[in-house]
Amino acid sequence: MYTTKNPSLRIKQDDLKCKNGCGYYGNSEWGGYCSQCYRKSVQHERLKKTDYEDRVQVTEKHARPSSTSFSKFEEKKRQQVEKKPKLLKMFKKSSSVKGQYKYQ
């Protein structure tokens with residue numbers, strides 16, 4: 001009567017396996033890697049990125065004079081010194097306020 005067809009895979013078995021060839025199955029969201037290999041590849045990329053950023057920072061330190069950072073420090077310090085007397089004046093009690101509220 002009715003014949004049943006066995007489903008056939010459209011994707012080959014080799015295409016489903018991890019890109020690294022570790023024997024596990026990969027995932028398209030992870031770029032074809034299995035979970036372990038994906039974790040390793042992400043970690044490797046992070047190390048490369050931080051390594052590169054560290055090298056860039058080192059070269060920038062040598063290329064840039066340090067006087068700019070010191071001038072920023074001086075400016076911040078000057079702002080703090082100017083702000084301090086203003087704050088102290090705000091919190092001082094005035095003598096006129098004390099005399100206003102006398103009990104009878």
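**Exercise 1. Characterise the salt bridge of arginine 78.**

Arginine 78 is partly exposed, at a relative accessible area of 38% (buried is under 20%, exposed over 50%, partly exposed in between, with a 1.4 Å probe and protein chains only). The model is predicted: local features need pLDDT of at least 70 and side-chain atom pairs pLDDT 80 or more, whereas totals for chains, interfaces and linings use all residues. Residues are numbered from 1 along each chain as its sequence is written, and side-chain values use heavy atoms, without hydrogens and water.

Step 1. The partner of arginine 78 is glutamate 75, with the closest N and O atoms 2.4 Å apart; a salt bridge requires a side-chain nitrogen of Lys or Arg within 4 Å of a carboxyl oxygen of Asp or Glu.

Step 2. Both residues belong to helix H3 (residues 67-91), where 3 residues, about one turn, separate them. Helices are DSSP runs (H or I, at least four residues), and strands (E, at least two) are likewise, numbered from the N terminus.

Step 3. Glutamate 75 is also partly exposed, with 34% relative accessibility.

**Exercise 2. Determine how many salt bridges a search of the whole structure finds, and describe the one formed by glutamate 45.**

Step 1. The search yields 2 salt bridges.

Step 2. Glutamate 45 pairs with lysine 48, and their closest N and O atoms are 3.9 Å apart.

Step 3. These two residues are 3 residues apart in helix H2 (residues 35-63), so about one helical turn separates glutamate 45 from lysine 48.

Step 4. Glutamate 45 is partly exposed at 48% relative accessible area, and lysine 48 is partly exposed at 46%.
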